[in-house]
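Please load the sequence and the coordinates side by side, and let us walk through the fold together. We will start with charges and then move on to strands and rings.

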Amino acid sequence: QVQLVESGGGLVQAGGSLRLSCATSRNFWSINAMGWYRQAPGKERELVAIIITGGSTNYAASVLGRFTISRDNARNTVNLQMNSLKPEDTAVYYCNFRGKVAAYIRETDYWGQGTQVTVSS
């Protein structure tokens, strides 16, 4: 059983900042990517930011320049620093680890339970 635990969501005014963190106590054989996704009411889940092996990052156009993703490989943790928040950033944010928990197990997507971020205008 792989459990990802998210923290850091909440209510903030427009222009404010929040920092999301996601960690797992499970040891992985390999983690190829860590990312954050979000889902607003009535919308599809979308990629917010992702960081892959080697440190390359990719961001949704709507958050570029405002959000920063980082990872701590030793602690199996991924963070999302969110600055200059806007009401349209309101959503449930999910962390994702894509990797293998053992050499003989295929690469799998693992998800956190989600944390609510609400930005008031």
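A salt bridge here is a side-chain nitrogen of Lys or Arg within 4 Å of a carboxyl oxygen of Asp or Glu. With that rule, a search of the whole structure turns up five salt bridges. Before we visit some of them, a word on the ground rules. This is a predicted model, in which local features need pLDDT of at least 70 and side-chain atom pairs count only at pLDDT 80 or more, while totals for chains, interfaces and linings use all residues. Residues are numbered from 1 along each chain as its sequence is written, and side-chain values use heavy atoms, with hydrogens and water left out.

Side chains of opposite charge can pair when their charged atoms come close. R38 and E46 form a salt bridge, and their closest N and O atoms are 2.7 Å apart. How covered are these two partners? For relative accessible area, buried means under 20%, exposed over 50%, and partly exposed in between (1.4 Å probe, protein chains only). On that scale R38 is buried at 6%, whereas E46 is partly exposed at 35%. This pair also belongs to a wider arrangement: R38, E46, R66 and D89 are linked in a network of salt bridges.

Another salt bridge joins the side chains of D72 and R75, at 3.8 Å from N to O. D72 is partly exposed, with a relative accessible area of 27%, and R75 counts as exposed at 64%.

R98 forms a salt bridge with D109, and the closest N and O atoms are 2.8 Å apart. The pair links distant parts of the chain, with R98 in strand 9 and D109 in strand 10 (residues 108-111), eleven residues apart. Both are partly exposed: R98 has a relative accessible area of 28%, and D109 has 35%.

Now for the strands themselves. Helices (H or I, at least four residues) and strands (E, at least two) are DSSP runs, numbered from the N terminus. Two strands pair if DSSP finds at least two bridges between them. As background, strands of a sheet pair through backbone hydrogen bonds, either parallel or antiparallel.

Strand 4 (residues 30-39) is a good place to look, being mostly covered, with seven of its ten residues buried. Which strands does strand 4 pair with? One partner is strand 9 (residues 91-100), in the antiparallel sense over nine bridges. There, A33 stands opposite R98, the arginine whose salt bridge with D109 we have just met. Another partner is strand 5 (residues 46-52), again antiparallel, over six bridges. G35 has I50 of strand 5 as its bridge partner. Strand 4 and strand 5 form a hairpin with six residues between them, and G42 in the turn has a positive phi of about 80 degrees.

Elsewhere, an open sheet of four strands has the order 1-3-8-7 with antiparallel pairing. Its edge strands are strand 1 and strand 7 (67-72), each of which pairs on one side only. The twist averages 15 degrees from one strand to the next, where axes are lines fitted to C-alpha atoms, for helices over the stretch in contact, and angles run from 0 to 180 degrees between N-to-C directions. Strand 1 and strand 3 (residues 18-23) run antiparallel and are joined by three bridges; E6 has C22 of strand 3 as its bridge partner. In the segment before strand 1 (5-7) lies Q1, which is exposed with a relative accessible area of 89%.

Finally, the rings. Rings of Phe, Tyr and Trp (its six-membered ring) pair if their centres lie within 6.5 Å; planes under 30 degrees apart count as stacked, over 60 as edge-to-face and the rest as tilted. The count by this rule is three aromatic pairs. One of them, F28 with Y110, is edge-to-face, at 5.6 Å centre to centre and 85 degrees between the planes. This pair bridges distant parts of the chain: F28 sits in the loop between strand 3 and strand 4, and Y110 in strand 10, 82 residues apart. F28 is buried at 15% relative accessible area, and Y110 likewise counts as buried at 15%. F28, F97 and Y110 form one aromatic cluster.

A charge sits over a ring if NZ of Lys or CZ of Arg is within 6 Å of the ring centre and within 35 degrees of the ring normal. The charged end of R45 does this over the ring of Y94, 3.8 Å from its centre, and over the ring of W111, 4.7 Å from its centre.
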